[in-house]
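Thanks for coming, everyone. I'll put the model up and then walk through it piece by piece.

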Amino acid sequence: NDSNIDEWSDADEDELAKIDFFDNGCELSKFSLECDKLLSAEGTPLQRYRPKYLIVSDFVQQYWCEQQLLYRLSPEAYLLNVSPGVDVSIEESAESKEVKERGSDVHLARELEIQVPVEVEVITKEDAWAVKFLNIQTMILAFTKGHRVAREVPVFGVPFGSGFFVYGIIDELQYNPDLHTVEILELKTRKSCYPPRKSQQDKDAFQVGLYAEMFNDLVRGMVTREMVENHLKLTLDTPLSGGIQRHIHQQNKKVKMKIFTCGDILDMVLSQMQSFTCITKGTVEYVHQESRKQISTFPMTLDQEKLRSLFLKQCEWWRGERGTVGVDVEDCWKCSYCQFAPFCEWRAVKAAESKH
Ligand code: SF4
């Protein structure tokens, strides 16, 4: 599930940044927080929470606040700071759920404008991954036939040689057949009818950059069958189940008698992607949830080196090579909108530090 985190805050970030709860956002040393000590005994975050693969949203949430990501993944981490006998509920509010549902509705409506989802029965994990690969193939075929837009396009790979297998779904790709160029567009819906501030734009730009990098790795032939097989532990040469076989044969009427495996579909997609072209431009579009009117668009530059540095820093945390870090002082306004703020260890430590 590669969900969108579209709505963080409509607050005036400059005003909220005046909230003074710590002086600076220096990094703590390895496993120095109590939550890190507790959890390190059970393995690294990667081993505990994402032993097979990560999703792009993991990194996007981490970009926003690593401490918050840890609390989302691990309730025992924030319960450390709750006094005995205090009953804690961090269930998502009805308002927050509604905002997410409205966001999903806008995304679905966009998708249905250009494509009709087809139900395919999946039984095995190989079937499920074959469907993801087929969805990439659908995008390639659509562009080959002259379509200029594809939506909800999966991407996968091992970005920046990190050793982490990552999966995500791109909102929209736009193909110009005359110039043979591909651009990426990320749709973000907002409860507010005003554009987001810089912090949110930076987070969204990071997300777009990561999608583009993964897509481009597929085009460059840097994603291999062995990577997929080893990370996902798929049996690539076993025939797919009946439902998906029928679907593939309906799509490819010329192919008769062949029994497809997940490896067949993967090989086709990896090969077809290499004849494609890399993404060169990205845009984030902000849409008002209620009116569904566009609020603003934000063209962004794909800065591979900056992205690499940020991404590899994030990987250090997943490998347990450093402790968890909360928000920097200039971003402490985010805590005002965080459900974990009353029990947040990072916040408490920084508040204590600021008094000395
Ligand atoms: Fe992060 Fe602030 Fe929430 Fe703590 S209170 S998890 S530092 S956003």
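How many residues does helix α8 have, and how far does it reach from its first C-alpha to its last? The helix covers residues 125-144, so to speak in plain numbers: 20 residues, reaching 29 Å. At 1.5 Å a residue, 28 Å is expected, and α8 comes close to that. Keep in mind throughout that this is a predicted model.

Stay with α8 for a moment. Which of its residues are buried? The list runs Glu 126, Trp 129, Ala 130, Phe 133, Leu 134, Ile 136, Met 139 and Phe 143. Note the glutamate, Glu 126, among the buried residues.

What covers them? The cover includes two strands, β2 (149-157) and β3 (166-176). It also includes the helices α10 (225-232), α11 (242-251) and α12 (262-274). Just after α8 comes Gly 146, with a positive phi of about 105 degrees.

Now the strands. Start with β3, already met as part of the cover over α8. β3 runs antiparallel to β4, and 5 bridges join them. One pair to look at is Glu 172 with its bridge partner in β4, Leu 185. The two strands form a hairpin, with 4 residues between them. In that turn, His 180 has a positive phi of about 55 degrees.

Next, β4 itself, residues 181-190. Is β4 mostly covered or mostly open? Mostly covered: 7 of its 10 residues are buried.

β4 also pairs with β5, and here the sense is parallel, over 9 bridges. Find Glu 183 and you will see Lys 281 of β5 opposite.

Move on to β5, residues 279-288. Its pairing with β6, residues 294-300, is antiparallel, over 6 bridges. Thr 283 stands opposite Pro 299 in β6. This is another hairpin, with 5 residues between the strands. Arg 292 sits in the turn, with a positive phi of about 60 degrees.

Last stop, the ligand. Which residues come nearest? Of the 14 around the ligand, they are Cys 65, Gly 326, Cys 335, Cys 338 and Cys 344.

Where does the shell come from? Two helices, α5 (66-73) and α14 (345-355), each supply at least two residues. α5 gives the largest share, 3 residues. By class, the shell has 9 nonpolar, 3 polar and 2 charged residues.

That's the tour. I'm happy to take questions.

Definitions and conventions. Residues numbered from 1 in each chain as written. Predicted model: local features only at pLDDT ≥ 70, side-chain atom pairs only at ≥ 80, totals over all residues. Near = placed C-beta within 6 Å. Nonpolar A, V, L, I, M, F, W, Y, C, P; charged D, E, K, R; others polar. Expected span 1.5 Å × (residues − 1). Buried ≥ 20, exposed ≤ 12 C-beta atoms within 10 Å, placed from the backbone. Contact = placed C-beta atoms within 7 Å. Pairing = 2+ DSSP bridges.
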